[in-house]
Amino acid sequence: MKDGIQPENIEIDGWSFRIQRPSQPNEKTKLLLLFHGHLGNENVMWTLINPIPGTYYILAPRAPIRLGVDQYSWHEIHPKWPDITLYEEITDQLIQRIDTWLEEHQLNCAQLDTMGFSQGAVLAYALAFLHPEKVRKMAALSGFIPQSWQKDLNNRDLKGKHIFIAHGKQDEIVPLNKARQAAAWLKEHGAQVTLCEADIGHKVGVNCFKSLGAFFRSPT
């Protein structure tokens, strides 16, 4: 909840979402997508929006694969991470639903911003790589770029993309070096990258939480 506004539950073409409408709508109102991680759901990312400007429409989709009570995943987990072709299917379905919602509500958001945690951060990366015309800014929290993708996307030009990476130095699930490798690869391909590290595990540190707000408040 932000500024006393409660997120609403909605459904778009069979997918469950939570939406929060802007508390300060204006002509520059933008759309922010929240992507939860493995075993999360559309409710778990809202604690991270406090530093986010009140000018955003915020949409949090629920991943399509149910693994337990209130536990969902964007895909099944195997020893080998899926090729980017699987994420192409996921992002295509996601964009189709977002475009449907925008059209129904007569909102003119040619581009959107994204924020993902862990597996959701991988999805945010995939969306930026596969639909670059759609993504303006993205934040990857405790995430990584699969190594096989880097080879497949080696010729990708990310010039003009603004990317914020937050990672714990003690992350026991996704080691810090994966975030540093992602930052270096993104910079090599033209992206403007902010890397924030904190002395914590698989979560967002207080210093990075504050920097996250500054990142989304910046006009660029």
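Is Glu 8 buried, partly exposed or exposed? Select Glu 8 in this predicted model and you will find a residue that is partly exposed, with a relative accessible area of 35%. Now add Arg 21 to the selection, since the side chains of Arg 21 and Glu 8 meet in a salt bridge with an N to O distance of 3.1 Å. The two residues are 13 places apart and link distant parts of the chain, with Arg 21 in the loop between E2 and E3 and Glu 8 in strand E1. Arg 21, like its partner in this bridge, counts as partly exposed, in its case at a relative accessible area of 30%.

**The sheet**

From Glu 8, widen the selection to strand E1 (8-12), which is one of the edge strands of an open sheet and pairs on one side only, as does the other edge strand, E10 (192-198). Walking across the sheet from E1, you pass its 8 strands in the order E1-E2-E4-E3-E7-E8-E9-E10, and the pairing among them is mixed. As you turn the view, note that the twist from one strand to the next averages 20°.

Next select E4, where 6 of the 6 residues are buried, so that this strand is largely enclosed by the rest of the structure. In a regular strand the side chains alternate between the two faces of the sheet. Show the side chains of E4, and you will see Tyr 56, Ile 58 and Ala 60 pointing one way, while Tyr 57, Leu 59 and Pro 61 point the other way.

Keep E4 in view and bring in its partners one after another. E2 pairs with E4 in the antiparallel sense over 4 bridges, and here Arg 18 stands opposite Ala 60 of E4. E3 pairs with E4 in the parallel sense, again over 4 bridges, and the bridge partner of Lys 30 in E4 is Tyr 56. Moving on from E3, select strand E7 (residues 112-117), which pairs with E3 in the parallel sense over 4 bridges; in E7, Met 115 is the bridge partner of Leu 34.

**Helices against the strands**

Now display helix H1, which packs on the sheet and touches E1, E2, E3, E4 and E7, its direction making about 50° with that of E2. Then select helix H5 (residues 206-217), which lies across E3, E4, E7, E8, E9 and E10 and runs at about 170° to E9.

**The nonpolar cores**

Which residues touch the most other members of the largest nonpolar core? They are Leu 31, Leu 33, Ile 98, Tyr 125, Phe 129, Trp 149 and Leu 186, in a core of 49 residues. Among the elements that give two or more residues to this core are strand E3 (30-35), helix H1 (84-104), helix H2 (119-130) and helix H4 (176-188), and H2 gives the most, with 9 residues.

Centre the view on Leu 31 and show what surrounds it: leaving aside residues up to four places away in sequence, Leu 31 touches Tyr 56, Tyr 57, Leu 59, Ile 98, Trp 101, Leu 102, Cys 109, Leu 112 and Asp 113. Apart from the largest core lies another one, of 23 residues, which you can locate by selecting Met 45, Ala 166, Cys 196 and Ile 200, all among its members.

**More salt bridges**

A search of the whole structure finds 5 salt bridges, and two further ones deserve a stop on this tour. Select Glu 42 and Arg 62, whose side chains meet at 2.9 Å, N to O. Glu 42 is in the loop between E3 and E4, and Arg 62, 20 residues apart from it, is in the loop between E4 and strand E5 (65-68). Glu 42 is buried, with a relative accessible area of 7%, whereas Arg 62 is partly exposed at 24%.

Then select Asp 99 and Lys 134, which form a salt bridge with their closest N and O atoms 2.8 Å apart. Asp 99 belongs to helix H1, and Lys 134, 35 residues apart from it, to the loop between H2 and E8. Here Asp 99 counts as partly exposed at 29% relative accessibility, while Lys 134 counts as buried at 16%.

**Two serines to finish**

Finally, select Ser 118, found in the loop between E7 and H2, where phi is near 60°, a positive value in a residue other than glycine. Ser 118 is buried, with a relative accessible area of 14%. Move on to Ser 142 in the loop between E8 and helix H3 (147-152); Ser 142 has a positive phi of about 55° although it is not a glycine, and it counts as buried at 0% relative accessibility.

Methods:
Residues are numbered from 1 along each chain as its sequence is written. This is a predicted model: local features need pLDDT of at least 70, side-chain atom pairs count only at pLDDT 80 or more; totals for chains, interfaces and linings use all residues. Side-chain values use heavy atoms; hydrogens and water are left out. A nonpolar core is a set of buried Ala, Val, Leu, Ile, Met, Phe, Trp, Tyr and Cys residues joined through side-chain atoms within 4.5 Å. Buried means under 20% relative accessible area, exposed over 50%, partly exposed in between (1.4 Å probe, protein chains only). Contact means heavy atoms within 4.5 Å. Two strands pair if DSSP finds at least two bridges between them. Axes are lines fitted to C-alpha atoms, for helices over the stretch in contact, and angles run from 0 to 180 degrees between N-to-C directions. A salt bridge is a side-chain nitrogen of Lys or Arg within 4 Å of a carboxyl oxygen of Asp or Glu.
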